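Here are my notes on the model, written as numbered points. Have the structure open while you read, and start with the aromatic residues.

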Amino acid sequence: PPGAAVGGYFWMDVLTPPLVFAASDTARDQSRLLTKACEAYRIKHGKWPERLGQLLLKDEFGVIYLDDPNYLIDPWGRVFRYDSYGLRNDRLKPDIWAVGPDGLDIGNWPTRR
């Protein structure tokens, strides 16, 4: 477990500090926000955007789907990854993810139990 009460004190595992969990939650939330923008794009265009950067540009309908380029940056300062094919989402929507400092992917797909 990430933390435990020991002898009246709260001990926190130094390998997984709370900020790592918060950043992972933020990355997951951002990937979901980007998914919503992609879904809005798909409604207008009948297809997923080829790349996330398209969401920042005004399209032929005069719509901008994202108004801030910082939405494309994950909590660790890297650009979110994108695959319009969406294998991890059973091809129902694109895969959008960040790679955490531990090398694990954090994305918009359902967690398998």
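**Notes on the model**

1. Tyrosine 41 and tyrosine 65 are both buried, where buried means under 20% relative accessible area, exposed means over 50%, and partly exposed lies in between (1.4 Å probe, protein chains only). The centres of these two tyrosine rings are 5.4 Å apart and the planes sit at 65°, so the pair is edge-to-face. For the terms: rings of Phe, Tyr and Trp (its six-membered ring) pair if their centres lie within 6.5 Å, with planes under 30 degrees apart counted as stacked, over 60 as edge-to-face and the rest as tilted. Tyrosine 41 belongs to helix α1 and tyrosine 65 to the loop between α1 and β3, so in this pair distant parts of the chain are linked, 24 residues apart.

2. Before going on, some housekeeping. This is a predicted model, in which local features need pLDDT of at least 70 and side-chain atom pairs count only at pLDDT 80 or more, while totals for chains, interfaces and linings use all residues. Residues are numbered from 1 along each chain as its sequence is written, and side-chain values use heavy atoms, with hydrogens and water left out.

3. How confident is the predictor? The average pLDDT (the predictor's confidence in each residue, from 0 to 100) is 87 for the protein, and 80% of the residues score at least 70. Go easy on residues 1-15, though: pLDDT stays under 50 there, and the model has 15 contacts beyond four places in sequence for this stretch. A contact here means heavy atoms within 4.5 Å. Where pLDDT is low, the predicted coordinates should not be read in detail.

4. On the overall layout, the protein has one helix and five strands, and along the sequence they run β-β-α-β-β-β. Helices (H or I, at least four residues) and strands (E, at least two) are DSSP runs, numbered from the N terminus. Of the 113 residues, 34% count as buried. Among contacts between residues at least 6 apart in sequence, 35% join residues at least 24 apart.

5. Now the second of the two aromatic pairs in the structure. Tryptophan 97 and tryptophan 109 are both buried. The ring centres of tryptophan 97 and tryptophan 109 are 6.1 Å apart with planes at 55°, so this pair is tilted. It links distant parts of the chain, with tryptophan 97 in strand β4 and tryptophan 109 in the segment after β5, twelve residues apart.

6. Which residues touch the most other members of the largest nonpolar core? They are Leu34, Cys38, Leu52, Leu55 and Ile96, out of 16 residues in that core. A nonpolar core is a set of buried Ala, Val, Leu, Ile, Met, Phe, Trp, Tyr and Cys residues joined through side-chain atoms within 4.5 Å. Both α1 (18-45) and β4 give two or more residues to this core, and α1 supplies the largest share, five residues. Leaving aside neighbours within four places in sequence, cysteine 38 is in contact with Trp48, Pro49, Leu52, Leu55, Tyr82, Pro94 and Ile96.

7. Asparagine 108, in the segment after β5, deserves a look. Is it buried or exposed? Asparagine 108 is buried, at a relative accessible area of 4%. Its side chain reaches the backbone oxygen of proline 94 at 2.8 Å. Not counting residues up to four places away in sequence, asparagine 108 touches Ser31, Thr35, Asn89, Lys93, Pro94, Asp95 and Ile96.

8. There are two salt bridges, each a side-chain nitrogen of Lys or Arg within 4 Å of a carboxyl oxygen of Asp or Glu. Arginine 88 and aspartate 105 meet at 2.9 Å, N to O. That pair links distant parts of the chain, with arginine 88 in the loop between β3 (81-83) and β4 (95-99) and aspartate 105 in strand β5 (residues 105-107), 17 residues apart. Arginine 88 is partly exposed at 35%, as is aspartate 105 at 32%. In the other bridge, the closest N and O atoms of arginine 78 and aspartate 74 are 3.9 Å apart; arginine 78 is partly exposed at 37%, whereas aspartate 74 is buried at 5%.

9. Last, check the backbone in the loop between β3 and β4, where aspartate 90 is found. Aspartate 90 has a positive phi of about 55° although it is not a glycine, and aspartate 90 is exposed at 53% relative accessibility. Arginine 91, in the loop between β3 and β4, also has a positive phi, of about 60°, and is not a glycine. Most residues other than glycine have a negative phi.

Methods:
A polar contact is a pair of N or O atoms within 3.5 Å; within protein, one must be able to donate a hydrogen and the other to accept it, and residues adjacent in sequence count only if both atoms are side-chain atoms.
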